[in-house]
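Biologist: I want to know how the labels on this model are earned. Take me through them.

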Amino acid sequence: MIDLRSDTVTKPSEAMREAMVRAEVGDDVYGEDPTVNRLQEMAAALLGKAYALFVPSGTMANQLSIRVQTKPGDEVIIESRAHIVRYEQGAAAALAGVQLHMVPTDRGVLDPAQVEAAIRPKDPHTLPTGLICLENTHNSGGGSIYPLATIERIREIALAHGIPMHLDGARLFNAVVATGVSAAEYARHFETGSFCLSKGLGAPVGSLVVTNDRPTADKLRRFRRMYGGGMRQAGILAAAGIYALEHNISRLKEDHEHARRLARLLQKIPTVSLEPDHVETNIVIFDVVGSSRSAQDIVAALKKEGLLLNAVGGTTFRAVTHLDVTTRDIEEAGRILSVVLTKE
Ligand code: TLP
């Protein structure tokens, strides 16, 4: 089975498992796990921040960042198809008590003018804008990359209004590898930022959330415990994360090449609509037009032929490349798609 549903499906390699088995561990709620501490130091250094906290998931990293920087009743400016909006079970409302001010875009990248227009005026009738969240790369936008100049301009606006910013950098290293802009250069513009180890970097579990501010770091730790994310001998997992940071960042470029290759194969299929220039990293979003079959029927037909991918809207599909798919798998995926999507 070729699995292009997500880069979350990657399994730890033998070498990564070896590193996990050998990990030195301690109780991380006491701050005594040496492997977790090492991973946190590496993550802080990579993103150019003073503090990093290891958390079980990207969702928890985002939710802690929202929780510690807002008050109930605040509003958070966010792109309308952001992961925080679509896939986090309403946690921002349920756990932080904030309202999301969702701003629509074509491919996930907010225009600075949209952000400025979304900031609430200081008026007795309106609620305060408490946070601005950006997602880089943008998942539902098709792995799109935030241009650094756009982030810089949004940052200027945020600073002028005294509003903090959070970066959902679940796939930040995909942006780093695609552009050559360092993770620290991106993260510099945000009070909090997160990235995931368990996507293209190939670790089984874990994300990091970073900040430069000691009180914010302390609050992140406190709320991690409150949200049930305080882990004990987590060094077993952190060892996989260290392995991922040491071995699996630069190879993300292969995933990007595979995504472009898949896009070229998809383009040859008459029922497929896709803009190849929009494939910037490891996510390929495409539409199937003029088919009488439902998206779920198409997904089932592909599965029968040995290919897994996700339907993400009426006629829209998402394929994600990652370190467990080879160039040959991509060629085979293209063949299966061509057979299934050409049939009526
Ligand atoms: N994304 C997953 C699903 O949850 C949709 C995927 O398959 O792409 N931020 C972004 C931008 C993400 O894409 C994800 C996961 C997360 C946060 C959450 O990470 P986890 O799954 O670790 O909570």
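Biologist: Which of the 15 residues around the ligand come nearest?

Modeller: Ser6, Thr59, His83, Asp168 and Arg171 do. A residue counts as near if one of its heavy atoms lies within 4 Å of the molecule. This is a predicted model, where local features need pLDDT of at least 70, side-chain atom pairs need 80 or more, and totals for chains, interfaces and linings use all residues. Residues are numbered from 1 along each chain as its sequence is written, and side-chain values use heavy atoms, without hydrogens and water.

Biologist: What makes the pair between Thr59 and the ligand a polar contact?

Modeller: A polar contact with the ligand is a pair of N or O atoms within 3.5 Å. A polar side-chain atom of Thr59 is 2.6 Å from a ligand oxygen, so the pair qualifies. For His83, a side-chain N or O atom lies 2.8 Å from an oxygen atom of the ligand. For Asp168, a polar side-chain atom is 2.7 Å from a ligand nitrogen.

Biologist: Which helix gives the most to the shell around the ligand?

Modeller: Helix 3, residues 58–69, with three residues. A helix here is a DSSP run of H or I, at least four residues long.

Biologist: Why is Gln89 called exposed?

Modeller: Exposed means over 50% relative accessible area, with a 1.4 Å probe and protein chains only. Gln89 has 77%, so the label holds. Gln89 lies in the loop between helix 4 (83–86) and helix 5 (91–96). Its phi is near 60°, a positive value in a residue other than glycine.

Definitions and conventions: A polar contact is a pair of N or O atoms within 3.5 Å; within protein, one must be able to donate a hydrogen and the other to accept it, and residues adjacent in sequence count only if both atoms are side-chain atoms. Helices (H or I, at least four residues) and strands (E, at least two) are DSSP runs, numbered from the N terminus. Buried means under 20% relative accessible area, exposed over 50%, partly exposed in between (1.4 Å probe, protein chains only).
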